[in-house]
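Reader: I should like to learn how to read confidence, sheets and salt bridges in a model of this kind. May we take them in turn?

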Amino acid sequence: MTSANNPPDDGYHLDTRAIHAGQDPDPSTGAIMTPIYQTSTFVQSAPAEHQGYDYSRSGNPTRTALEALIASLEGGRHGLAFASGMAAIDTVLRLFDPGDHIVVGSDVYGGTYRLFERVLARYGLRFSWVDLSDLAATRAAITPETKLLWLETPTNPLMGLADIAALAALLPEGVLLGVDNTFASPALQQPLLLGADIVMHSSTKYLGGHSDVVGGLLALNDDELVERLRFLQNAVGAVPGPMDCFLTLRGIKTLGIRMARHSSNALAIAQFLEDHTAVQRVIYPGLQSHPQYELAVRQMRGFGGMISIILASEPAARQMVSRTKLFALAESLGGVESLIEHPHSMTHASTATSPIAVPAELVRLSVGIEHVNDLIADLRAALA
Ligand code: P1T
């Protein structure tokens, strides 16, 4: 089976790699689908003599396939899989020591804020929250103790963009750039190719794509850095089981066509909402009204399935999310089915009293791949 290190640079397009990278037919049976190696341990022929696997926290062949696949999709040399997106982020942050400083984009998933300020700050890491569209402010936030710039683009939930190449260029030697690529997926944007050092995914979202698995992934190039992360992955132990890796592998096979449909549905819906009198503002990178539309066109191959809208009041926002029928009221995003939520009281409740709190009038849509006319009819009825 292909190793998670150095996946073949085979020159295939992303849609082809999504189906084949890391997923050679099983050598012993010819099975075309990667087997679910549902085993905790592996028999050794003599002490410490084995066929590449000794214990499933350290490595498992189904996980190896997924790790090779994410490396290939992100255009990196190495991939690592985790039990959740939060576990992947937590493992990255364990690279650092008390007193180290991390600059973070000022709009992120509420769980990321909670992990940084309520868990990791207790262990001596320090965080500065910065508007990354302001390059001078970003440069000014970097201190001699800064070890990492961590960002989302597009951000959750305000759909702000960060110019990955410009930020990579301004970072001093020794400061890593980590990009949470969950909202775009590698189908729309590959941060390693723009100068990022580490790409992270909540594979719970577009990569898994079917709302049936929680997971996290990292992709990177640096051989020394991956050794440190692989050590932490095994030492800390927040790894996914083989069944979860299999579900993620299966979901990723259709990533390309799903992202195209998510993007075309979302653009049509964003345009519909922009014309609706009950909607004060639509925030979608594919609309020319988005303040960073030019960056979106330059940096992304499509604009994705996430839309945020501002309504007239918090009651109006709460009413809308309770009224849709096809758009299910639920946390999470990136599945084939459309979801709607109220970030202020749901996904971002942990930021409610913080400097990065999100507006209470905000509604977030995860546009699925249903027929767009049915989705628009559902939203029209909910806003009536
Ligand atoms: O849920 P988990 O797989 O642990 O991933 C956390 C995470 C990390 N980064 C981003 C950008 C995310 O959106 C998430 C999870 N987000 C949701 C559950 C949500 O509804 O926004």
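Author: The dialogue below takes up confidence, then the sheet, then the salt bridges. This is a predicted model, in which local features need pLDDT of at least 70 and side-chain atom pairs count only at pLDDT 80 or more, while totals for chains, interfaces and linings use all residues. Residues are numbered from 1 along each chain as its sequence is written, and side-chain values use heavy atoms, with hydrogens and water left out.

Reader: What pLDDT does the chain average?

Author: pLDDT is the predictor's confidence in each residue, from 0 to 100. Here the chain averages 96, and 98% of the residues score at least 70. Over residues 1-8, however, the pLDDT is below 50.

Reader: In what order do the strands of the open sheet lie?

Author: Strands of a sheet pair through backbone hydrogen bonds, either parallel or antiparallel. Strands and helices are DSSP runs (E, at least two residues, and H or I, at least four), numbered from the N terminus; two strands pair if DSSP finds at least two bridges between them. In this model seven strands follow the order β1-β7-β6-β5-β4-β2-β3, with mixed pairing. The edges are β1 and β3 (126-130), each of which pairs on one side only. Within the sheet, β2 (residues 101-105) pairs with β4 in the parallel sense over four bridges, and I102 stands opposite L148 in β4.

Reader: How many salt bridges are there, and which parts of the chain does the pair D223 and R77 link?

Author: A salt bridge is a side-chain nitrogen of Lys or Arg within 4 Å of a carboxyl oxygen of Asp or Glu. The count comes to eight. In one of them, D223 and R77 meet at 2.8 Å, N to O. D223 belongs to helix α7 (residues 223-236) and R77 to the loop between α2 (61-73) and β1 (78-82), 146 residues apart.

Reader: Are R298 and D163 buried or exposed?

Author: Buried means under 20% relative accessible area, exposed over 50%, and partly exposed in between (1.4 Å probe, protein chains only). R298 is exposed, at 51%, whereas D163 counts as buried at 17%. Their side chains form a salt bridge of 3.4 Å, N to O. D163, E294 and R298 are linked in a network of salt bridges.

Reader: Which residue forms a salt bridge with E341?

Author: The partner is R364, with the closest N and O atoms 3.2 Å apart. R364 lies in strand β12 (residues 362-366) and E341 in strand β11 (residues 339-341), so this pair ties together parts 23 residues apart in sequence. Both R364 and E341 are buried.

How values were computed:
Contact means heavy atoms within 4.5 Å.
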